[in-house]
Amino acid sequence: MVSALEVATLVFVLGTALTAALLRDVLGAIIAFAAYSLGVSILWVFLQAPDVALTEAAVGAGVMTILFLLTIVRTVRPPTDDLLESVGWRGVAAGGALSTLLLVTVPSLPAIGSDSPVTTGEVTAYYLENAYADTHVENAVTAVLAAYRGFDTLGEAVVVFAAGVAVLVVLRQEEFV
C-alpha cells in the first residue's frame, strides 16, 4: 500500500518536473530540476534502492545542478517577460502518450516491499558462480559491467561523454539563445 508521504513525494516530483519544463527563466528551471532530482532520490529510498537514491542525489541534484549553474554563468539570458514556455499540441500529445504508456505498465510491477521482487536471486547466483568461467575476470562486478552488460556500459559511457562535450560546447560560446 502506498503511504500518504509517498503520494506527496510523487506529486512533488511531478510538480517540479512540470515546473522545470515550463519555466522560461533558466535559473528557476535549474532550481526546479534540482528539486525534482532530490524528490526522485527520495522515491528511490521508498522503493528500497538506497544506492540508486544516493547516486541520484549526488549526480542529479548535485553535480548536474552545478554544471547547469556554471553553464548559465557563461551564457546570456534572452530578453522576455514571459514566465512560462508555450507548449504546442504535439508536445502535449507526445507527453500524454508517453505518460499513458508508462502508467499502463505500473500495475504489472510488484507492490513496494513485497516478497516477490522483479528479479530473483537466480541471476545474481548465476553471475557469482559463472563469472570467471564465462569472462575470465576475477571480480564479479567488473565481469557484469564489462562483459555481461558491456553494451549497456558502453552506452552509459557514450551518454556521459556526449554530456561532457555538450557542456564544453556551451561554455565556449559567448552567447546562448
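This passage describes the fold, the surface and selected side-chain contacts of a predicted protein model.

The secondary structure of the protein consists of 7 helices and 0 strands, and the elements, when read along the sequence, follow the pattern α-α-α-α-α-α-α. The C-alpha trace spans about 60 × 45 × 30 Å along its principal axes, and the radius of gyration of the protein is 20 Å, whereas a compact globule of 177 residues would have a value near 16 Å. Of the contacts in the protein with a separation of 6 or more, 57% are accounted for by residues that lie 24 or more positions apart.

With regard to the surface, the protein exposes about 13,000 Å², and 71% of this area is supplied by carbon and sulfur atoms. Buried residues make up 15% of the 177 residues. One of the residues that counts as buried is Thr71, because its relative accessibility of 14% falls under the cut-off of 20%. Thr71 is found in helix α3, which comprises residues 50-73, and, when residues up to four places away in sequence are not counted, Thr71 touches Val167, Val170 and Leu171.

A search of the whole structure for salt bridges finds 2. In one of them, the side chains of Arg149 and Asp152 meet at 2.2 Å, taken from N to O, while in another the side chains of Arg149 and Glu156 meet at 3.9 Å, again taken from N to O. Arg149, Asp152 and Glu156 are thereby linked in a network of salt bridges. As for the setting of these residues, Arg149 has a relative accessibility of 35% and therefore counts as partly exposed. Asp152, at 34% relative accessibility, is likewise partly exposed, and Glu156 is also assigned to the partly exposed class because its relative accessibility is 41%. These assignments follow from the cut-offs, since partly exposed residues lie between the buried limit of under 20% and the exposed limit of over 50% relative accessible area.

Aromatic side chains provide a further group of contacts, and the structure holds 5 aromatic pairs. Ring pairs link Phe33, Tyr36 and Phe68 into a cluster. Phe68, a member of this cluster, falls within the range of residues 50-73 that forms helix α3, the helix in which Thr71 is also found.

Notes
Residues numbered from 1 in each chain as written. Predicted model: local features only at pLDDT ≥ 70, side-chain atom pairs only at ≥ 80, totals over all residues. Heavy atoms only, no water. Helix = DSSP H or I, 4+ residues; strand = E, 2+ residues; numbered from the N terminus. Buried < 20%, exposed > 50% of the residue type's maximum accessible area, 1.4 Å probe, protein only. Contact = heavy atoms within 4.5 Å. Salt bridge = Lys/Arg side-chain N within 4 Å of Asp/Glu carboxyl O. Phe/Tyr/Trp six-rings, centres within 6.5 Å; stacked < 30°, edge-to-face > 60°. Rg over C-alpha atoms; globule rule 2.2 N^0.38 Å. Areas by Shrake-Rupley, 256 points an atom, 1.4 Å probe, with all protein chains shown as cover.
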